[in-house]
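Subject: Two-chain model, handover and notes

Hello,

Here is the structure you were waiting for. Please look it over first; my notes on what was found follow below it.

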Amino acid sequence: MALKFVTIAVKGLKEMVRDKGLLAMTLLFPMVFMLVFGFAFGAGGGQNSPQDIVVLNNDLGTSMNYGDSELFNFGENFTQVLRDLKYENSTVPMFNLHNATGEEALNLLMKRRVACIVAIPENFSEAMEATINSTIRTTVTSLVGEVAISFLQSAGGFDNATFPGGSMNFTLPGNETLPALPEVRSITATVVIEGDMGYINFGIAQSIIRGVLSSYIEAIQSETRKQILQEVPEEINVGEELKPVSVETKSVSGTREFTAFDYQAPGIIVFGLLMGSIGVAGALARETESQTLSRLKVSLMKSFDLLFGTLLPWALLAVAQLLILFGVALAMGFHWVGGTSSLLIAVLIGCIAGVSCVSLGLLVAAFSKSEGHAGTLGMLVSVPLSFLIGAFFPLPAQAEVVTVFLPWRQAFTALISVLTYGASLQDVMPNITAMVLETAVLFTLGVIAFARIRLKAE
Amino acid sequence: MLRDARLKSESVTIETRDLSKRYPSGVLAVDGLSLRVWKGEVFGFLGPNGAGKTTSIKMMVGLLKPTSGHVLIEGERIEAASKRIKRSIGVCPQDIVVWTRLTCMENLLVMADMYEVPRNVAVKRAEKLLDDLKLTDKRNALAASLSGGMKRRLNVAMALIHDPEIVVLDEPTAGLDPQSRLVVTEYIRELKKTKRLTVILTTHEMEIADQLSDRVAIIDHGKLLVLDTPENLKDRVGKGDIMEIALYDETRNKRATEALESMEGIQEVNEIGGRIVVRALDAASKLPRIFTLLESIEAGVLDVSLRRNSLEDVFITLTGRGLRE
């Protein structure tokens with residue numbers, strides 16, 4: 001003789017598996033959300049909108065040895081270039097520059113108010129000067145080489161030759177003066193672009209900035225060449241130049257590979273589990289509507305058998321739901337931190353969250369006379385709850401104070417901690433404990449409500 | 001033998017005492033119903049739709065709480081019935097109540113588990129029930145795929161899987177095709193003959209109640225009108241045949257009824273549902289005179305049928321209305 005709750009559980013499982021429509025709806029609905037959010041916040045979603053950035057210009061400037069020898073700040077110049085940049089064939093600026101100190105900038109970065117921080121080093125201008133000098137040397141030496149060879153070939157030897165480049169103030173060998181070429185200092189300036197490597201906006205911003213800096217240096221070099229000579233013959237091969245300016249990308253500690261989707265995916269998993277409560281409510285309301293509950297009521301079955309028997313298959317479905325959604329999240333670019341152990345902890349969290357969702361389903365079913373009614377009421381409860389616990393968007397601090405008493409909020413926090421930050425079981429134990437307690441209260445309420453309203457003689 | 005002895009002692013299985021049910025809508029569905037069902041009898045519960053049969057039955061099995069009065073099953077109040085009493089009752093609801101996504105066998109075994117029937121016993125019993133109710137071929141078919149008649153037969157089987165002593169069959173033949181109706185009625189007859197179960201059978205089909213019931217209670221508007229054996233009830237309204245006459249022109253019914261009432265040898269005349277119902281001894285021999293009389297008042301006869309006195313006639317006599325009205 002089978003235990004009655006086991007029979008109810010097996011019956012529920014068979015009905016669940018055989019009701020393909022309901023099963024697909026329960027599993028696919030949250031999956032669609034995961035896909036949409038994944039596309040929107042994980043793998044793409046770029047568009048022609050200004051990227052918010054902070055430029056920290058630490059450049060001290062340089063006194064150029066050419067021209068007026070005034071102090072020139074290439075960092076300021078480059079900042080202005082970034083400010084003035086616009087998308088191609090558009091009036092939309094590429095960057096929206098925020099004024100901030102280093103500390104403020106980091107704060108903005110952590111809050112995702114800016115995509116990245118561009119730190120221009122103190123020696124940026126000196127490095128740019130070195131770049132120009134290098135360009136001069138390379139250009140002149142290449143030019144001299146080509147012209148000298150040509151001249152010597154036509155004159156028949158070094159002794160009879162007079163080089164026409166007087167402005168450069170050098171003479172050729174054979175009692176001639178050498179040109180006074182600028183010294184190229186051995187210097188390297190590193191522009192640091194700081195941000196979340198996995199954040200899509202950071203990815204976009206830093207690639208543009210790299211490109212802009214490269215073009216900026218190229219433009220300076222080109223201008224330098226033009227100033228040396230009106231026209232550089234195309235056939236002259238300008239040799240390898242020094243590149244004193246480099247770019248380095250720096251990850252912000254603790255947020256490496258963190259995206260908005262990494263924050264949302266655990267929320268969508270909890271949302272998926274909450275959707276299960278609609279299924280539970282629907283299944284129990286169907287028993288009421290089809291009067292099979294009346295059959296069970298007149299039998300020897302107890303409330304516990306029905307409710308615990310109903311809980312088991314739906315808790316199993318919750319775990320399956322969690323694993324499926326987790327798989328979809330991974331496919332959509334979720335950055336899973338932690339190994340198998342984190343997944344096992346997540347399954348445990350999913351189990352408890354599943355039970356809390358069943359409890360919610362019991363409450364909904366207690367007040368639903370039909371499957372349709374249960375579906376509507378369940379949706380009315382679970383969708384706002386999903387928003388309330390911050391499953392889709394971060395909550396204001398005031399709301400978090402309230403929702404801490406909801407097991408799903410604890411589940412959400414614990415899942416983020418485990419899957420996104422790689423927290424250990426010990427780290428999330430407070431959340432799990434709170435979940436268990438809150439779920440126990442909810443389940444008790446659900447059982448009492450359902451037993452009193454639906455299992456007693458009318 | 002023991003069962004026969006108990007039957008002879010006419011021990012009470014179910015008793016209702018001044019049972020009433022008023023729904024929140026204000027409808028008084030059952031009004032002071034007091035009756036006793038003897039152990040081993042088939043108790044017919046007859047009445048038109050909405051008479052309060054199902055409400056009474058639901059209170060008897062503990063699904064509905066009475067507004068007043070109470071129900072005793074073998075002396076125990078139903079709301080506090082012991083496991084033994086609960087196990088002794090099998091209920092076949094008026095609606096088809098099966099799990100549509102389970103097979104016939106699975107449906108039966110779920111109910112067997114709910115009544116703590118050992119699995120090996122349950123399987124044998126389920127096979128027998130499926131065979132008796134001509135469902136063996138559908139053993140592993142989902143209930144959703146069954147025809148209406150098959151589902152109703154499964155509905156009956158589910159009430160019997162735990163081998164109850166009292167079976168409540170609420171309209172078991174409602175909406176059945178003739179073949180399924182025959183299967184179900186024959187099965188109830190078989191139960192009566194071989195198992196000596198106490199059967200409470202609600203129906204508004206007088207033939208079935210007449211054929212199967214040891215005693216019949218007729219209720220209307222929630223009140224018990226009469227309770228006796230079918231023969232006694234039919235005798236109570238008088239012996240004789242029943243002739244039903246339909247006229248071409250129904251507006252002549254009243255005039256025809258008045259004329260027939262004054263005719264010698266006619267015991268009772270009523271107009272029910274547009275037809276004139278005449279009760280008379282040896283009605284066939286009176287037919288020529290009746291035709292002549294109707295012709296004389298220009299009431300052309302469209303159709304005439306002749307049958308034996310039935311429980312419906314009892315109901316008509318008691319209420320002036322037909323059971324199906």
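**A glycine after a helix, and its surroundings**

Just after α2(B), G62(B) takes a positive phi of about 90 degrees. Bear in mind that this is a predicted model; the values here are computed from it.

The helix before that glycine, α2 of chain B, spans residues 53–60 and is mostly covered, with eight of its eight residues buried. They are K53(B), T54(B), T55(B), S56(B), I57(B), K58(B), M59(B) and M60(B). Two lysines, K53(B) and K58(B), are thus in the buried set.

**Sheets of chain B**

Chain B has twelve helices and 14 strands. Of its 325 residues, 45% count as buried. Contacts between residues at least 6 apart in sequence join residues at least 24 apart in 70% of cases in this chain.

One open sheet of chain B has four strands, in the order β2-β1-β4-β5, with antiparallel pairing. Its edges are β2 (28–38) and β5 (76–77) of chain B; each has a single partner strand, so one side of each is left without a neighbour in the sheet. At the β5(B) end, β4(B) (residues 68–73) pairs with β5(B) in the antiparallel sense over two bridges. I73(B) has E76(B) in β5(B) as its bridge partner. The covered helix comes back in here: α2(B) packs on this sheet and touches β1 (12–22), β2 and β4 of chain B. The direction of α2(B) makes about 120 degrees with that of β1(B).

A second open sheet of chain B has six strands in the order β6-β7-β8-β3-β9-β10, and its pairing is mixed. At its edges are β6 (89–92) and β10 (223–228) of chain B, each of which pairs on one side only. On average, neighbouring strands of this sheet are turned by 15 degrees against each other, direction ignored. β6(B) and β7(B) (residues 166–170) run parallel and are joined by four bridges. Within that pair, C92(B) stands opposite L169(B) in β7(B). Helix α6 of chain B, residues 148–160, packs on this sheet, where it touches β6 and β7 of chain B. The direction of α6(B) makes about 170 degrees with that of β6(B).

How many of the eight residues of β14(B) are buried? The number is zero for this strand (residues 301–308), so β14(B) lies largely in the open. β14(B) does have a partner: seven bridges join β14(B) to β11(B) (residues 241–247), and the two run antiparallel. One of the pairings is that of I242(B) with R307(B) in β14(B).

**Chain A**

The secondary structure of chain A comes to 14 helices and seven strands. Chain A has 458 residues, and buried residues make up 40% of them. Of the contacts in chain A with a separation of 6 or more, 82% are between residues 24 or more positions apart.

One helix pair was examined in detail. The axes of α10 (residues 340–366) and α11 (residues 371–388) of chain A come within 9 Å and cross at roughly 130 degrees. The two helices, α10(A) and α11(A), are therefore oblique to each other. The crossing of α10(A) past α11(A) is right-handed. On the α10(A) side the contact has L360(A), G361(A), V364(A) and A365(A), and these meet A374(A), L377(A), G378(A) and V381(A) in α11(A). By class, the residues of this contact are six nonpolar, two polar and no charged.

R210(A) was also looked at, and its place is in α6 (residues 200–228) of chain A. Is R210(A) buried or exposed? R210(A) is partly exposed, with 14 other C-beta atoms within 10 Å. The C-alpha atoms of R210(A) and V191(A) are separated by 9.4 Å, and the two residues are 19 residues apart along the chain.

**Where the chains meet**

In the interface, 22 residues of chain A are in contact with 25 residues of chain B. On the chain A side, the elements that give two or more residues are α1 (4–18) and α8 (292–298) of chain A. That side of chain A has seven nonpolar, six polar and nine charged residues.

Regards

Methods
Residues numbered from 1 in each chain as written. Chains lettered and ligands numbered in written order. Predicted model: local features only at pLDDT ≥ 70, side-chain atom pairs only at ≥ 80, totals over all residues. Contact = placed C-beta atoms within 7 Å. Nonpolar A, V, L, I, M, F, W, Y, C, P; charged D, E, K, R; others polar. Axes fitted to C-alpha atoms, helices over the stretch in contact; angles between N-to-C directions. Parallel < 35°, antiparallel > 145°, perpendicular 65-115°, else oblique. Left-handed = near helix turned anticlockwise from the far one by under 90°. Buried ≥ 20, exposed ≤ 12 C-beta atoms within 10 Å, placed from the backbone. Pairing = 2+ DSSP bridges.
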